[in-house]
Every structure is written in C-alpha cells, then in structure tokens.
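Hi there,

Here is the structure I promised to pass on. Have a look at it first, and my notes on how some of its helices pack follow below.

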Amino acid sequence: MAKNSKWQDDYWLLLMQVYLRRPVGVKPLYSRDMVALSMELHIAPQVLFSKMCQLASIDTPRIERIWETYGSNPRRLSRAVRLLREMKGFGRADEFYDGVEVNETFEKDFKPCVKEPVELTPVMLILILDLYFRLTPITMVPETPEVTELARLIKVKPQEVADVMDVMQHCDPYLNRRDVTLSPLLLPCQQIWQRYGNSDTTQLAQLAHELKEYFK
C-alpha cells in the first residue's frame with residue numbers, strides 16, 4: 001500500500017518551525033528547508049508552500065491558536081516538534097515504514113538518478129536542460145561562463161555539465177546526431193527531455209529559476 005501523504009493538523013507545527021527560521025517569513029517553494037520537509041512528510045513542495053501562505057495569513061481560528069501558543073515561544077515550539085517527530089517516527093523512516101511500499105513521486109527528482117561518472121539528480125538535469133536551450137552546441141563547453149556558473153551552483157565540475165549537454169544533444173531531434181553514445185547519462189537525459197524538452201521553454205525557465213533556490 002502507499003504511505004498516507006494527506007495533510008494533518010500536527011504538520012502546522014513543523015511548517016511553522018521552517019517559517020520562523022531566519023529570515024522569518026514564507027520560504028521559497030524549492031528552498032532546501034521546504035524540500036527537506038516535503039521529503040520527510042512525502043507531501044509535495046507546492047502543497048507545503050500553499051499551507052505556509054495560509055500560515056502567514058492566519059486565515060483560520062486553528063492557525064490563530066497555533067500562533068498564540070507557539071509564535072512567540074520558540075522553545076515551546078521546538079519541544080512540540082520534537083515530541084511530534086518522536087511520536088510519528090520521523091527521523092527513523094526506514095524502521096517506521098519497514099515493509100510498507102512508499103509511492104514516491106516528486107521525491108525522485110531530488111534523489112540521484114545516476115552515480116557514474118558523477119552523481120546527478122533529475123533536478124540538476126532540469127537546470128542543465130534549461131541552460132542547454134540558452135546556448136548553441138559550440139558554446140556547450142566548460143569554458144563558457146554560463147556553464148561555469150551553473151556548475152558552481154550545483155557543485156559539480158564545468159566539464160561534467162558540458163558532458164551532460166553533449167548527451168542531451170543525442171536527445172535533441174533538431175540536431176539529429178547519428179553518432180552513438182553509451183553514456184550512463186543517456187537514459188536519465190532522455191527521461192528529462194521527454195518531460196521538458198518538447199514543452200514551452202518559458203515554463204522550463206520559470207521552473208529552473210525556482211529550483212535554483214534548492215542549491216543556494
């Protein structure tokens with residue numbers, strides 16, 4: 001069976017703790033803290049972001065009571081969150097869900113899809129694909145400033161970004177490359193291309209802009 005991923009009222013406390021981290025306020029959709037909590041709860045970042053906006057607007061009596069109880073008392077909030085995690089089994093996911101089939105969706109994008117020749121995640125490939133559409137094949141080299149900048153952001157070598165772009169050229173129907181590549185990057189790149197390569201590049205650019213927050 002799939003693990004229940006529905007929102008529970010107790011989760012407001014976990015979300016408030018993220019909200020109150022400096023700088024206090026609604027966190028970017030794909031900030032590392034938001035993604036970490038999403039992965040922990042198996043609730044998509046978009047859902048948590050929407051809930052955090054509700055938390056900020058204090059639009060229900062329930063949320064108002066939570067603010068009155070914990071908003072100015074971080075120690076009380078920290079104790080409540082710690083107790084909640086102990087009760088729910090957070091931090092011991094492998095043990096807590098042993099024998100339970102977890103239906104992962106968005107989580108896969110933040111986990112390695114290839115480990116050789118370098119460990120990469122689908123999110124990293126999405127960022128590289130976005131840059132791919134901004135360059136021409138002749139500029140898809142480590143020396144190009146945009147390649148160097150992206151490599152620095154996602155913490156890989158510029159050559160590794162260029163290598164991914166070379167593989168993506170084999171996925172690009174407009175280039176129609178006839179040479180064969182046996183790179184282990186091919187399948188992950190094909191999967192990302194199928195998801196985003198034939199769609200609106202403006203939407204891809206917006207997604208990439210949001211995803212960059214995860215690496216900051």
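The crossing of helix 2 and helix 3 is right-handed. Please keep in mind as you read that this is a predicted model.

Helix 2 covers residues 32–41 and helix 3 covers residues 45–57; their axes lie 9 Å apart, and the packing angle is about 115 degrees. Because angles of 65 to 115 degrees count as roughly perpendicular, helix 2 is described as roughly perpendicular to helix 3. If you would like to find the contact on your screen, look for M34, L37, S38 and L41 on the helix 2 side. Their partners on helix 3 are P45, L48, F49 and M52. Sorted by class, this contact of helix 2 with helix 3 has seven nonpolar residues and one polar residue, with no charged residues.

The other pair to look at is further along the chain: helix 9 (residues 158–169) and helix 10 (residues 186–197). The axes of helix 9 and helix 10 come within 9 Å and cross at roughly 70 degrees, so helix 9 is roughly perpendicular to helix 10. The crossing of this pair, helix 9 and helix 10, is right-handed.

Which residues bring helix 9 and helix 10 together? From helix 9 there are V164, V167 and M168, and they meet L186, C189 and W193 of helix 10. By class, the contact between helix 9 and helix 10 has six nonpolar residues, with no polar and no charged ones.

Happy browsing, and best wishes!

Methods:
Residues are numbered from 1 along each chain as its sequence is written. This is a predicted model: local features need pLDDT of at least 70, side-chain atom pairs count only at pLDDT 80 or more; totals for chains, interfaces and linings use all residues. Side-chain values use heavy atoms; hydrogens and water are left out. Axes are lines fitted to C-alpha atoms, for helices over the stretch in contact, and angles run from 0 to 180 degrees between N-to-C directions. Helices (H or I, at least four residues) and strands (E, at least two) are DSSP runs, numbered from the N terminus. Angles under 35 degrees count as roughly parallel, over 145 as roughly antiparallel, 65 to 115 as roughly perpendicular and the rest as oblique. A crossing is left-handed if the near helix is turned anticlockwise from the far one by less than a right angle, and right-handed if clockwise. Contact means heavy atoms within 4.5 Å. Ala, Val, Leu, Ile, Met, Phe, Trp, Tyr, Cys and Pro count as nonpolar, Asp, Glu, Lys and Arg as charged, and the others, Gly among them, as polar.
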